[in-house]
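Hi,

Here's the structure I said I'd pass along. Have a look at it first, and then read on for what turned up.

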Amino acid sequence: MNNDLKSLLSKILNESITKVSPVHGGDISKAFKIETSNNAYFLKSNNVSNASNMFQIEAYGLQVIRKTNTIKTPKVLACDTFQNVAFLLMEFIDSKSPSSVDYKNLGYQLAQLHQCTSDSFGLDQDNFIGSLPQSNRQNTTWVDFYTTERLLPQLELAKQKQLLSKNECPSIQNIKSTLESLFTNIKPALLHGDLWSGNYLISKDGTPYLIDPAIYYGHHEVDIAMTKLFGGFDTSFYETYSSLFKNDENTSTRIEIYQLYYLLVHLNLFGRSYYGSVSSILKKYF
Ligand code: ADP
């Protein structure tokens, strides 16, 4: 990290920086642990042209979740641009690998987050899923929202990228008629939006934190679908969660249809290795 940025951070924090070390694991930005004699902070920086916008949206998502007082997010301390490099500075969470009790707490607190509701599906602003844009135009019907704001834009992108053919992409009418019977009595719930195992941390004292959100109001099972996409979380997480949000006879079908969105995103971001999973869900339901 350059010395000018270091001295700016030191001014923002009003503390002298004693150590800066890289943090690995992110796939979009550079990340650092910033230490002072009494505290530790986490910094993400990126010089791509839309990085400042991405960080502002990330900071907004972290703050919206934080304000619900249901599950913690790292406190955001600054979000700015310096010498053409955008940065996001927040509290550093000293994390550990989760125990079964930690997973139970995570399941409980996620269910509390999902109790936060709204009049419509979507959000007052668009955001990103990974590095792809995610449109959140508000809609009072979940079938319409999930069709036009989630599946269709990713299907369109996959077609443009020649990852799916026109024949493989279902029409809007076809999608809606499948979803109509499955999406009944769905209430908007505040979602993390990208809840894979790299997007939560358990602090050393056992407190769950959500990071890197892609928030919007949607069906609560969308977050659960993402947790299950690559291996799944510990069973104590699901036991606690499902004691608060009951499954019904269509839950497992909906989970697959919600996973389709994330698989399309992976297909569009990372290419053909996701084609098989996308194609089998498309064939099964549409
Ligand atoms: P990217 O957006 O580039 O994918 P991430 O937000 O996933 O970056 O963060 C990169 C790494 O930093 C991950 O391993 C994550 O666990 C860790 N991390 C993220 N936020 C914090 C934080 N506030 N405190 C400590 N570590 C964090």
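Which pocket does the ligand take up? The space the ligand fills is the largest pocket. Keep in mind as you read that this is a predicted model.

Now for the neighbours. The ligand has 17 residues around it, and the closest are Ile28, Ser29, Lys44, Glu91 and Ile93. If you sort that shell by class, you get nine nonpolar residues, four polar ones and four charged ones.

Where does the shell come from? Domain 1 (3–91) and domain 2 (100–285) each supply at least three of its residues. As for helices and strands, the elements that give two or more residues to the shell are β3 (40–46) and β5 (85–91).

Next, zoom in on the polar contacts. Lys44 uses its side chain: an N or O atom there is 2.8 Å from an oxygen atom of the ligand. Glu91 works through its backbone instead, with a polar atom 3.0 Å from a nitrogen atom of the ligand. His24 also brings in a backbone N or O atom, which lies 3.3 Å from a ligand oxygen.

So how much of the ligand does the protein bury? On its own the ligand exposes 560 Å², and the protein buries 88% of that.

Try finding Lys44, Glu91 and His24 in the viewer, and shout if you get stuck.

Cheers

Terms used
Residues are numbered from 1 along each chain as its sequence is written. This is a predicted model: local features need pLDDT of at least 70, side-chain atom pairs count only at pLDDT 80 or more; totals for chains, interfaces and linings use all residues. Side-chain values use heavy atoms; hydrogens and water are left out. A residue is near a molecule or strand if one of its heavy atoms lies within 4 Å of it. A polar contact is a pair of N or O atoms within 3.5 Å; within protein, one must be able to donate a hydrogen and the other to accept it, and residues adjacent in sequence count only if both atoms are side-chain atoms. Accessible areas come from the Shrake-Rupley method with a 1.4 Å probe; for residues, only the protein chains shown count as cover. On a 1 Å grid over the protein atoms alone, a cavity is a set of points where a 1.4 Å probe fits but cannot get out, and a pocket is an open set with protein on both sides within 12 Å along at least five of seven lines; lining residues have an atom within 4 Å of a point. A molecule sits in a cavity or pocket if more than half of its atoms lie within 2 Å of its grid points. Helices (H or I, at least four residues) and strands (E, at least two) are DSSP runs, numbered from the N terminus. Ala, Val, Leu, Ile, Met, Phe, Trp, Tyr, Cys and Pro count as nonpolar, Asp, Glu, Lys and Arg as charged, and the others, Gly among them, as polar. Domain bounds come from an automatic or database domain assignment.
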